[in-house]
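Q: Please take a close look at one part of this model, the cysteines and the sheets and cores around them, and explain in one connected account how that part is put together.

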Amino acid sequence: MFDVCVGSICAFAGQLNPVSGDANNTWKDTACSSQNSAAAPLRGDVPTTYVEAQGWMLCDGRSLKAAAYPELFAVLGYLYGGSADSFNIPDYRGLFLRGNDAGSGMDPDAAKRLDPVSGDPRNGVGSYQCDALQAHTHTYKAVVLAAVSQNGNAAGQASGDLQTSEPDKPARTTTETRPKNLSVNYIIKYR
């Protein structure tokens, strides 16, 4: 077995119920309002107490007392919310994680990232980014008319419907843009 630092995040393949039970609604930016819904929790196959006995807890945004979790508070502080003697752990339910840009230029919109609690602009670890599509265009072949007819039919394209091709029939459309993915629970080391 190897040591894992307090504050480390790990993907856990077992089903866990969120302790907070609240929807993932800490993201207050109105431009991201579609992010504020969460499915009802499922019945867990692995008791939450088992994972917590191993020193881990589900990243569900719950509030903790700093005195009860001093090592985790030393790592997180109020990065994910809280004040005075309470702090929040991150709420990663339903989200993809992205490595911090740290000046690499791999996150071209790093300056537009948001504070997860206030929605104010903030860069760095713990900042949030709304979903987006990169600007792009599509090129299609167009029918060019050979002549304009004053009366009647003009010579032109052979009869038949023109269609653009679809990668799959039926096309896969939904309410979000996403890569293929597999759902996991993110857990955080607290001791």
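A: In this predicted model, Cys59 has a relative accessible area of 1%, and Cys59 therefore counts as buried, the limit for that class being under 20%. Cys10 has a relative accessible area of 32% and is partly exposed. The sulfur of Cys10 has its closest cysteine sulfur in Cys59, at 9.8 Å, which is too far for a bond, given that a disulfide calls for sulfur atoms within 2.5 Å. Cys59 is likewise in no disulfide, and the structure as a whole holds zero disulfides.

Cys59 belongs to the largest nonpolar core, a set of 12 residues in all that also includes Met57, Leu64, Ala66, Leu72, Leu76, Phe87, Ile89 and Ile188. Tyrosines take part as well, namely Tyr80, Tyr92 and Tyr190. Apart from this core lies another one, of five residues, among them Leu16, Val51, Leu58 and Ile187.

Ile188 is a useful member of the largest core to follow, for leaving aside residues up to four places away in sequence, Ile188 touches Cys59 itself, together with Met57, Leu72, Leu76 and Ile89. The contacts of Ile188 also include Gly7, Ser8, Ile9, Gly55, Trp56 and Pro90. One of these, Ile9, stands opposite Ile188 in strand 6, which leads to the sheet in which that strand lies.

Strand 6, residues 185-189, is joined to strand 1 by four bridges, and the two strands run antiparallel. Together with strand 2 they form an open sheet of three strands in the order 1-6-2, with antiparallel pairing. Strand 1 (9-12) and strand 2 (56-58) stand at the edges of this sheet, and because each has a single partner strand, one side of each is left without a neighbour in the sheet. From one strand to the next, the twist averages 40°. In general terms, strands of a sheet pair through backbone hydrogen bonds, either parallel or antiparallel.

The other sheet to consider is also open and has three strands, in the order 3-5-4, again with antiparallel pairing. Its edge strands are strand 3 (63-65) and strand 4 (82-83), each of which pairs on one side only. Strand 4 and strand 5 run antiparallel and are joined by two bridges, and in strand 5 the bridge partner of Gly82 is Phe87. Phe87 is in turn a member of the largest nonpolar core, as Cys59 is.

Ser86 also lies in strand 5, which covers residues 86-88. Its relative accessibility is 14%, so Ser86 counts as buried. The side chain of Ser86 makes a polar contact, at 3.4 Å, with the side chain of Lys65. Not counting residues up to four places away in sequence, Ser86 touches Ser63, Leu64 and Lys65, and in addition Ala66 and Tyr78.

To set these parts in the chain as a whole, there are two helices and six strands, and along the sequence they follow the pattern β-α-β-β-α-β-β-β. Of the 191 residues in the chain, 25% are buried. Among contacts between residues at least 6 apart in sequence, 68% join residues at least 24 apart.

Conventions:
Residues are numbered from 1 along each chain as its sequence is written. This is a predicted model: local features need pLDDT of at least 70, side-chain atom pairs count only at pLDDT 80 or more; totals for chains, interfaces and linings use all residues. Side-chain values use heavy atoms; hydrogens and water are left out. Two strands pair if DSSP finds at least two bridges between them. Axes are lines fitted to C-alpha atoms, for helices over the stretch in contact, and angles run from 0 to 180 degrees between N-to-C directions. Buried means under 20% relative accessible area, exposed over 50%, partly exposed in between (1.4 Å probe, protein chains only). A polar contact is a pair of N or O atoms within 3.5 Å; within protein, one must be able to donate a hydrogen and the other to accept it, and residues adjacent in sequence count only if both atoms are side-chain atoms. Contact means heavy atoms within 4.5 Å. A nonpolar core is a set of buried Ala, Val, Leu, Ile, Met, Phe, Trp, Tyr and Cys residues joined through side-chain atoms within 4.5 Å.
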